[in-house]
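Please open the structure in the viewer and keep the selection tool at hand. The tour proceeds by selections, each followed by a description of what is found there.

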Amino acid sequence: MKVEVDSHKLFYHPDRVAEWLKTGDCPPIYVEIGLTNRCNHRCIFCALDWLEKKPVFIDADLLKKRLTEMKEYGVKSVMFAGEGEPLLHPRAAEIIEHAYHAGLDVSVSTNGVLLTPEIAELILPCLKWIRISVDAASPDVHHLIHQGKESDFETICTNIRHDSLVKKVKQLHVTIGVQLLIIPENVHEIIRFTRIFSESGADNVQIKPYSKHPLSKNRFIIDHRSLTGIEEEIRQFEREDFQVIFRSGTQDRLMEERTYDKCYGLPFYALIEADGSVIPCNVYHENREFTYGNCITSTFTEVWDGLQRKSVMKKIQDEGIFQCREVCRLDPINRYLHTLKNPHPHVNFI
């Protein structure tokens with residue numbers, strides 16, 4: 001089954017889109033949850049390098065209650081990622097299993113170091129997909145970029161091979177993806193990266209362009225001429241059971257002007273920080289002025305239907321998109337919703 005990550009999937013949710021068109025709001029389809037703000041790596045490209053991180057772990061028992069409520073409210077999927085490494089939470093597997101049994105589609109984004117055989121056996125049966133950010137094809141470059149232990153690259157490769165074996169033996173439907181974020185330090189490893197992980201048992205590799213978070217301290221300049229011919233070269237590794245995803249659509253949008261002047265997609269998505277704060281997106285981490293509320297001290301429904309969220313939404317719409325991240329997660333959604341809001345006069349000529 002081919003994975004589509006360069007576009008959006010709102011056309012699979014016509015009822016929710018119709019509700020938004022009619023009322024301007026709706027329950028979110030997808031929620032990203034940070035289980036902790038701690039991380040075992042210090043990636044040089046980290047978008048959240050500007051945060052001052054005092055260790056925080058979300059309350060597992062309360063989160064489990066909220067996950068059940070979220071499903072009942074209309075949330076369809078959750079991804080465990082957030083400000084830190086989700087598998088550092090001591091009860092991560094338990095939380096993931098609960099989300100699955102609550103009826104949510106579940107995914108995880110991880111650096112892969114803690115995806116041990118024991119953890120993989122527990123969580124892989126619960127997941128629709130897992131994305132492992134490796135970003136290198138050698139121990140030296142991985143250590144340079146991720147700033148973890150020198151042995152981490154080999155640990156991750158071993159974990160991925162084991163994950164793939166678990167999937168095969170248990171006949172699981174989880175999609176295992178391995179990601180490389182393009183920065184100058186790893187451009188020369190893209191082809192080798194694709195070859196290595198095409199042989200690992202993973203289902204896909206994703207080659208993703210770097211885009212700067214508006215508040216991030218880091219800034220990488222990519223000479224796009226250095227990418228000439230790479231997509232064609234790595235396509236040779238594609239097979240029926242292995243997909244090469246080169247995010248050319250995202251790359252193209254980096255060069256384009258936005259077609260919209262408001263963030264229309266916010267009602268369809270939310271982010272929960274490790275302290276329980278519900279925020280619009282990762283531009284607003286630890287920004288209390290733009291926090292919808294807290295789903296540990298309140299129910300998720302109370303936060304989403306509350307006056308504070310409505311006030312924050314209005315503030316964001318009034319300010320426009322000048323401080324938004326380039327090609328953010330909601331960019332293709334905003335392009336689609338802007339078109340629905342501003343249809344061409346000939347739309348009835350199908």
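Contact here means heavy atoms within 4.5 Å. The model is a predicted one.

Begin by selecting L180, which is found in strand 5 (residues 175-182). With a relative accessibility of 0%, L180 counts as buried. Display its contacts next: leaving aside residues up to four places away in sequence, L180 touches D135, A136, N186, I190, F193, Q206, I207 and K208. Then add F349 to the selection; the two residues lie 169 residues apart along the chain, and their C-alpha atoms are separated by 43 Å.

Move now to S107, whose place is in strand 3 (residues 105-110). S107 counts as buried as well, at 3% relative accessibility. Apart from residues up to four places away in sequence, S107 touches V78, M79, F80, L127 and W129.

For the last stop, select residues 307-319, which form helix 11. This helix has 13 residues and reaches 18 Å from its first C-alpha to its last, close to the 18 Å expected at 1.5 Å a residue. Colour R309, V312, M313 and I316, the buried residues of helix 11. Viewed down the axis of helix 11, these buried residues fall within an arc of 100°, so they line one face of the helix. Show helix 10 (300-305) too, since what covers the buried residues of helix 11 includes it. Rotate to the face turned away from the buried side, where helix 11 carries the exposed residues L307, K314 and D318. Finish at G320, just after helix 11, which takes a positive phi of about 80°.

Definitions and conventions
Residues numbered from 1 in each chain as written. Predicted model: local features only at pLDDT ≥ 70, side-chain atom pairs only at ≥ 80, totals over all residues. Heavy atoms only, no water. Helix = DSSP H or I, 4+ residues; strand = E, 2+ residues; numbered from the N terminus. Expected span 1.5 Å × (residues − 1). Buried < 20%, exposed > 50% of the residue type's maximum accessible area, 1.4 Å probe, protein only. Arc of directions from axis to C-beta.
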